[in-house]
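Hello,

Here is the structure we spoke about, with the sequence alongside. My notes follow below it.

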Amino acid sequence: ETKKEEQKTYVVGMSADFAPFEYREGGEIVGFDVDLAKEIEKQAGIKLEIQDIAFAGLLPALQTGKIDAIISGMSVTEERKKAVNFSKAYFNVSQVIIVKKDDTSITSGEDLPGKNVGVPLGTTSDTLAEGIEGINLTKYNKAYEAILALNTSKIDAIILDYQQAVNFVGQNPELKILPKELAKEEYAIAISKENTELLEKINGALDNIIGSEFYQELLEKYIVENE
Ligand code: GLN
């Protein structure tokens, strides 16, 4: 009798404050990325253990070996690619601007110089805003703190990932998303450069998942408004 091979366990970091991709519901972490992680477990025959880590702490945690992968709506960038490997992309997204509904002074990114703009710390929204000259930038640990600041007119605009923006604006009817996007990005899973075995397993699983019926159901379950 042969012993069943023990499944390898990997620790996945995600910042559970990024609905609809990862958020808490009754204390439990749920969302698009959680379901995706569960399907990867099945397809790749591995075990994934989720750890909730603030977004700005995810890459450092991966690089110091505290976690094995990041599944957290993380956008692929050239800068991040220097530090980690990315899997195949599993979702397309864009960077958008949120303003108050009655604000007519900001209609696109060109109107942002001279304005008070909020971004979540360490995100691609943060990097993008840093690149626009003349912005008065405030970085928030949590995206909802930026929403709070906009609602109370402490800032004029927020730059955010589109799906997250849709989620917040749905809960804050006095806010709107500007139709003109600032940038296009792709979400992928980050894995440490040394762990090519895990990268291959995850890419193999993603090959089966993307475009599948399961993936379609995932979109229908979590993505309210596709671009
Ligand atoms: N996609 C953005 C980034 O990679 C934001 C991700 C997030 O806040 N979870 O920086």
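**Ligand site**

The shell around the ligand is made up of Phe-18, Phe-55, Ser-72, Gly-73, Met-74, Ser-75, Arg-80, Thr-123, Thr-124, Asp-161 and Tyr-187. Please keep in mind that this is a predicted model. Sorted by class, the shell has 4 nonpolar, 5 polar and 2 charged residues.

Three of the polar distances in the site involve nitrogen atoms of the ligand. Two involve the protein backbone: a backbone N or O atom of Ser-72 is 2.9 Å from a ligand nitrogen, and a backbone N or O atom of Gly-73 is 2.8 Å from a ligand nitrogen. The other involves a side chain, with an N or O atom of the Asp-161 side chain 2.6 Å from a nitrogen atom of the ligand. On its own the ligand exposes 300 Å², and the protein buries 97% of that area. As for location, the ligand sits in the second largest pocket.

**Domains**

The protein chain is divided into domain 1 (9–92 + 187–222) and domain 2 (93–183). Their contact takes 15 residues from domain 1 and 10 residues from domain 2. The C-alpha centres of domain 1 and domain 2 are 25 Å apart.

Which domains supply the shell around the ligand? Both domain 1 and domain 2 do, each with at least three residues. When you open the model, the side chain of Asp-161 and the backbone of Ser-72 and Gly-73 are where I would begin looking.

Regards

Notes:
Residues numbered from 1 in each chain as written. Predicted model: local features only at pLDDT ≥ 70, side-chain atom pairs only at ≥ 80, totals over all residues. Heavy atoms only, no water. Near = heavy atom within 4 Å. Polar contact = N/O pair within 3.5 Å; in protein donor to acceptor, adjacent residues only side chain to side chain. Areas by Shrake-Rupley, 256 points an atom, 1.4 Å probe, with all protein chains shown as cover. 1 Å grid on protein atoms, 1.4 Å probe; cavity = no way out; pocket = protein on both sides within 12 Å on 5 of 7 lines; lining within 4 Å. Sits in = over half its atoms within 2 Å of the grid points. Nonpolar A, V, L, I, M, F, W, Y, C, P; charged D, E, K, R; others polar. Domains from an automatic or database assignment. Contact = heavy atoms within 4.5 Å.
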